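Hi,

Here is the structure I promised to send over. Have a look at it first, and then read my notes below.

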Amino acid sequence: MPPIQPPNLLFCATDAGGVRNLVPVARLAAPRFRPVVLVPPTLKPLFPEFGPELPLPDSVESANILLDTLLPQAVVCGTARYPTAEASLTKAARQRGIPTFAIFDEWYRYRAHFADANGGFRYLPDRICCQDALALQEAQAEGIPADRLRITGSPALAELAKAAARFRDTPPPRPDPLSQLQAPTLLFLSETHAADFGEAPGSCGPLGPWLGYSEITVRNHLAECAARIGGNLTIIEKLHPGHAPPHL
């Protein structure tokens, strides 16, 4: 594959929160740069315009191949639950002297985004973008060097605020299925605990041991309760953006 002509910026995120933070920045940079955004296939619907379709790196070696192909001026990553791709790209880029950035999208687990199994830093970008002063203070308290941290605001929350303002000024029509609901309605907001913490007692996931529940067990309990109640009941489940549809 022939190299893409610079200047360009390389963005990479493997979690939905990271993608939602990176895409507004990529769109802002698009007039001057050639943004390339690397995400898993399940998260590609969160943005339609950036390419080309390239695989996520799973090692420093594969990250080096991407950097040879794309020749980016900088690498900007999300902060993922298990950041193999983000870590690989950041390590490879830093070895080459390419500026590296990461953007926080949560107010917890600051150190864990960059740490190995023993709690030591697996990789650190040159700069880490914090949502606000609280995030900066908490990240520093968890041992992240102060000279790496900058308060930039949250691109994802800024986009959400813009959308809320648009909806306030020009309310969108209510979806027809909701306007036709007559029965009691239950909304279930689903997470990815089974993948993160295990699916059963005694199991463990990348983020820790079994919590005592998961989105699967809670969904099953809801189904059992609905069956006992009987009658008409509408259940709406909002899956996590990176979650595969459940097999019921």
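What follows is a short tour of what I found, going from the whole chain down to single side chains.

First, a caveat: this is a predicted model, so please read everything below in that light.

**The chain as a whole**

The protein chain has 248 residues, and 38% of them are buried. It is built from eight helices and 10 strands. If you take the contacts with a separation of 6 or more, 64% of them are between residues 24 or more positions apart. As for the outside, the accessible surface comes to about 13,800 Å², and carbon and sulfur atoms hold 60% of that.

**Three strands side by side**

A good place to start looking is strand β5, residues 127–130, which pairs in the parallel sense with β4, residues 100–103, over three bridges. If you want a residue pair to click on there, I103 has C129 in β5 as its bridge partner. β5 also runs parallel to β6, residues 149–151, and three bridges join these two. On that side, I128 stands opposite L149 in β6. To get from β5 to β6 the chain passes through helix α4, residues 133–141, and this β-α-β crossover is right-handed.

**Salt bridges**

You'll probably want to know about the charged pairs. Side chains of opposite charge can pair when their charged atoms come close. The structure holds five salt bridges, and I'll go through some of them here.

One is between the side chains of D68 and R96, at 2.8 Å from N to O. This pair links distant parts of the chain, with D68 in helix α2 (residues 60–70) and R96 in helix α3 (residues 84–96), 28 residues apart. D68 is partly exposed, with a relative accessible area of 43%, and R96 is also partly exposed, at 37%.

Another pairs E159 with K162, where the closest N and O atoms are 3.4 Å apart. Both sit in helix α5, and because they are three residues apart there, about one helical turn separates them. E159 has a relative accessible area of 33%, so it counts as partly exposed. K162 is partly exposed too, at 47%.

Then there is R219 with E237, whose closest N and O atoms are 3.0 Å apart. Here again the pair links distant parts of the chain: R219 belongs to helix α8 (residues 215–229) and E237 to strand β10 (residues 234–238), 18 residues apart. Which of these two partners is buried, and which is partly exposed? R219 is the buried one, because its relative accessible area of 11% falls under the 20% cut-off. E237, at 25% relative accessibility, counts as partly exposed.

**A nonpolar patch on the surface**

Last stop: W107, L134, L157 and L160 make a nonpolar surface patch of about 390 Å². L160 lies in helix α5, which spans residues 155–169, and that is the helix that also carries E159 and K162. Is L160 buried or exposed? It is exposed: its relative accessible area is 55%, and the cut-off for calling a residue exposed is over 50%.

That's it for the tour. If you have the viewer open, β5 with its partners β4 and β6 makes a handy starting view, and helix α5 with L160 is a good second one.

Cheers

Key
Residues are numbered from 1 along each chain as its sequence is written. This is a predicted model: local features need pLDDT of at least 70, side-chain atom pairs count only at pLDDT 80 or more; totals for chains, interfaces and linings use all residues. Side-chain values use heavy atoms; hydrogens and water are left out. Patches are made of residues with over 30% relative accessible area and no salt bridge: like charges are joined within 9 Å, nonpolar side chains (Val, Leu, Ile, Met, Phe, Trp, Tyr) within 5 Å. Accessible areas come from the Shrake-Rupley method with a 1.4 Å probe; for residues, only the protein chains shown count as cover. A salt bridge is a side-chain nitrogen of Lys or Arg within 4 Å of a carboxyl oxygen of Asp or Glu. Helices (H or I, at least four residues) and strands (E, at least two) are DSSP runs, numbered from the N terminus. Buried means under 20% relative accessible area, exposed over 50%, partly exposed in between (1.4 Å probe, protein chains only). Contact means heavy atoms within 4.5 Å. Two strands pair if DSSP finds at least two bridges between them. A crossover is right-handed if, with the strands pointing away from the viewer, the path from the first strand over the helix to the second runs clockwise.
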